[in-house]
Amino acid sequence: KAHMARGLPKQKPIAGVKEVIVVASGKGGVGKSTTAVNLALGLMANDQSKRVGLLDADVYGPSVPKLMNLKGNPELTDNNLMRPLMNFGMPCMSMGFLVEDTAPIVWRGLMVMSAIEKLLRQVDWGLLDYLVVDMPPGTGDVQLSITQNIPIAGAVIVSTPQDIALLDARRGAEMFRKVNVPVLGLVQNMSVFQCPQCNHQTHIFGSDGARELARTLEVELLGDIPLHLNIRETSDKGQPVVVSSPDSPEAEAYRRIASAV
Ligand code: ADP
């Protein structure tokens, strides 16, 4: 309400970027970053004529450097913009490229906003069809300020089927609606674990929570990603499953989500 009362600041597109897709979650640890990375790579895999970039806006816990196996400081262009780092054919930018990875990041509110501003405005993306933004988890001021600063084509919300994660996901969806960002849909992550030994399936966090929430919120369920060792291991190695095991059912699941957004 307070933000509304002051009026929305004018949204300004990111130079060179056609569509911004944000990947959000109500809380941390549900697989938001893993989804953002594989969704971005999935968009490229589905249509190689599309140029896709990845912006890690999770300044508290940037995971794109590790997930994309990238480190180092971005070079500056003649216009003093930061040049994204590249891997797997995708330009990426992250706070993790700008700070030492051993240094604890203790942010004050204003510093967070200026870091976000830097990531949104001082990067030379060239021309992109899609910029996928890995949002910070939750629904606070930072998330709100991002949605108010740039035009966003749509939001993808990641949740586990667990009640508590779902409640937070619902808050996320409501936040986007309030600021008129279309919610493209929900991704249910870690819904089922299939034992590699006996193939028995276990619904560790419950089975259909996100499906039900999608129905309640009247948004699409974009996909269902199993809890899979291959996803965790390839993520830890900085070899996202969509590029390292393109023929796996896990990669297929991410590509399906990419074609649904
Ligand atoms: P968030 O961005 O929501 O904090 P991450 O994407 O960093 O979550 O994922 C948290 C951890 O869970 C990481 O170790 C990641 O590799 C793992 N993970 C995420 N999704 C899956 C999945 N479907 N199967 C197995 N591990 C997963």
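Good morning. I begin with the ligand: in this predicted model, 18 residues surround the ligand, and the closest are G31, K32, S33, T34 and R232. Four elements each give two or more residues to this shell, namely helix 2, strand 7, strand 9 and helix 8, the last covering residues 229–236. In terms of chemical character, the shell around the ligand comprises 10 polar residues, 6 nonpolar residues and 2 charged residues.

I turn now to helix 10. This helix holds 12 residues, 249–260. At 1.5 Å a residue it should span 16 Å, and because its end C-alpha atoms are indeed 16 Å apart, the model agrees with that expectation. Which residues of helix 10 are buried? They are A251, A253, Y254, R255, I257 and A258. These buried residues pack against helix 2 (32–46), strand 7 (183–194), strand 9 (221–227) and helix 9 (241–244). Helix 2, strand 7 and strand 9 have thus appeared twice in this talk: as packing partners of helix 10, and as contributors to the shell around the ligand.

Next, a helix pair. Two packed helices are described by the angle between their axes and by the distance between the axes. For helix 4, residues 109–121, and helix 5, residues 141–149, the angle is about 35 degrees and the axes are 11 Å apart. The crossing of helix 4 past helix 5 is right-handed. On the side of helix 4, the residues that meet the partner are V112, M113, I116 and L120; helix 5 supplies V142, S145, I146 and N149. The residues of this contact divide into 6 nonpolar and 2 polar, with no charged residue.

Finally, I would draw attention to two backbone conformations. F88, which is not a glycine, has a positive phi, near 50 degrees. F88 is found in the loop between strand 3 (85–87) and strand 4 (90–94). Is F88 buried or exposed? F88 counts as buried, because 20 other C-beta atoms lie within 10 Å, and 20 or more is the criterion for that class.

The second case is N180, also a residue other than glycine, with a positive phi of about 60 degrees. N180 is found in the loop between helix 6 (163–178) and strand 7. N180 has 10 C-beta neighbours inside 10 Å and therefore counts as exposed, the limit for that class being 12 or fewer. To summarise these two cases, both have a positive phi, yet F88 is buried, whereas N180 is exposed.

Thank you for your attention.

Key. Residues are numbered from 1 along each chain as its sequence is written. This is a predicted model: local features need pLDDT of at least 70, side-chain atom pairs count only at pLDDT 80 or more; totals for chains, interfaces and linings use all residues. The expected span of a helix is 1.5 Å times one less than its number of residues. Two residues are in contact if their C-beta atoms, placed from the backbone, lie within 7 Å. A residue is near a molecule or strand if its C-beta atom, placed from the backbone, lies within 6 Å of it. Ala, Val, Leu, Ile, Met, Phe, Trp, Tyr, Cys and Pro count as nonpolar, Asp, Glu, Lys and Arg as charged, and the others, Gly among them, as polar. Axes are lines fitted to C-alpha atoms, for helices over the stretch in contact, and angles run from 0 to 180 degrees between N-to-C directions. A crossing is left-handed if the near helix is turned anticlockwise from the far one by less than a right angle, and right-handed if clockwise.
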